[in-house]
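Work through the exercises below with the sequence and the 3D view open. Each task is followed by a solution in steps.

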Amino acid sequence: MDTQETITSMPRIGDMAPDFKAITTIGDITFSEFMKDSWVILFSHPADFTPVCTTELSGFANEKDFFESKNAKLIGLSIDSIFSHIGWVNAVQEKTGVLFHFPIIADIDMKVAKLYGMIQPGESETAAVRAVFIIDPKGKIRLIMYYPLNVGRNMDEIKRTLLALQTSDEYQVAMPLN
């Protein structure tokens, strides 16, 4: 197969977030409806029941009050099944007391992961990389971060960039280091 045939257009900063319908841990959603009137942090993880992914999703869950206070909804994704997601959510809550209160997309056919460029063949063809998309209330992608499978995200950086984007919008200023 020609390399050009396998390359799909990935969304970029400034693009409108691609819409999709998906099965999640809180039921079926249409992304454009889920996003309405709020900031959204869409993030992917490689696999349920793995140590790094568990720490990351627990980190998002532990910051629930912060994200709610900033009018930001969280939504996760992996190519695992809905049954795997539900089992994992329940196991984490049972063992640690942490509830993943946000929806997690079951993307077993990889349609959403491919739509958002979360499947990167140089890293893996069967697992989503660790991606973070921050989308504003108008549905525009404002920030994209990609991490390899073996490196967890930095929650402070995700929070900082959300605050920076919101502050920049409110005051029409550029945001410096840190």
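**Exercise 1: Arg-142 and its surroundings**

Arg-142 is found in strand 7. The model is a predicted one.

Task: Find which residues Arg-142 touches, not counting residues up to four places away in sequence.

Solution.
- Step 1. Start at Arg-142 in strand 7 and leave out residues up to four places away in sequence.
- Step 2. Keep residues with heavy atoms within 4.5 Å. The contacts of Arg-142 are then Ile-13, Trp-39, Ile-134, Ile-135, Asp-136, Leu-165 and Asp-169.
- Step 3. Take Leu-165 from that list. Along the chain, Leu-165 is 23 residues apart from Arg-142, and 7.7 Å separates their C-alpha atoms.

**Exercise 2: Strand 3 and its partners**

Task: Decide how many residues of strand 3 are buried, and in which sense strand 3 pairs with strand 4 and runs with strand 6.

Solution.
- Step 1. Count the buried residues: 6 of the 6 in strand 3, so the strand is mostly covered, with buried meaning under 20% relative accessible area.
- Step 2. Sort them by direction. Trp-39, Ile-41 and Phe-43 point one way, while Val-40, Leu-42 and Ser-44 point the other way.
- Step 3. Look at strand 4. The pairing with strand 3 is parallel, over 6 bridges, and Trp-39 has Ala-72 as its bridge partner there.
- Step 4. Look at strand 6. Strand 3 and strand 6 run antiparallel and are joined by 4 bridges; Val-132 in strand 6 stands opposite Phe-43.

**Exercise 3: The nonpolar cores**

Task: Which residues have the most contacts inside the largest nonpolar core?

Solution.
- Step 1. Collect the 27 residues of the largest core; Ile-41, Phe-60, Phe-67, Phe-100 and Phe-102 have the most contacts inside it.
- Step 2. Trace the elements that give two or more residues to this core. Among them are strand 3 (39-44), helix 3 (51-62), helix 4 (64-69) and helix 7 (155-171).
- Step 3. Examine Phe-60. Its contacts beyond four places in sequence include Ile-41, Phe-43, Phe-67, Leu-74 and Phe-102.
- Step 4. Set apart a second, separate core of 24 residues, which includes Phe-31, Ile-105, Ala-131 and Ile-141.

**Exercise 4: The second largest pocket**

Task: What lines the second largest pocket, and how do its lining residues divide?

Solution.
- Step 1. Note the space in this pocket, about 220 Å³.
- Step 2. Of its 14 lining residues, Ala-22, Ile-23, Ala-106, Asp-107 and Asp-109 are the closest to the centre.
- Step 3. Strand 1 (21-24), strand 5 (104-106) and helix 6 (111-115) each give two or more residues to the lining.
- Step 4. Divide the lining: 9 nonpolar, 1 polar and 4 charged.

Definitions and conventions: Residues are numbered from 1 along each chain as its sequence is written. This is a predicted model: local features need pLDDT of at least 70, side-chain atom pairs count only at pLDDT 80 or more; totals for chains, interfaces and linings use all residues. Side-chain values use heavy atoms; hydrogens and water are left out. A nonpolar core is a set of buried Ala, Val, Leu, Ile, Met, Phe, Trp, Tyr and Cys residues joined through side-chain atoms within 4.5 Å. Buried means under 20% relative accessible area, exposed over 50%, partly exposed in between (1.4 Å probe, protein chains only). On a 1 Å grid over the protein atoms alone, a cavity is a set of points where a 1.4 Å probe fits but cannot get out, and a pocket is an open set with protein on both sides within 12 Å along at least five of seven lines; lining residues have an atom within 4 Å of a point. Grid points are joined across faces, edges and corners, and a volume is the space filled by probe spheres set on the points. Ala, Val, Leu, Ile, Met, Phe, Trp, Tyr, Cys and Pro count as nonpolar, Asp, Glu, Lys and Arg as charged, and the others, Gly among them, as polar. Two strands pair if DSSP finds at least two bridges between them.
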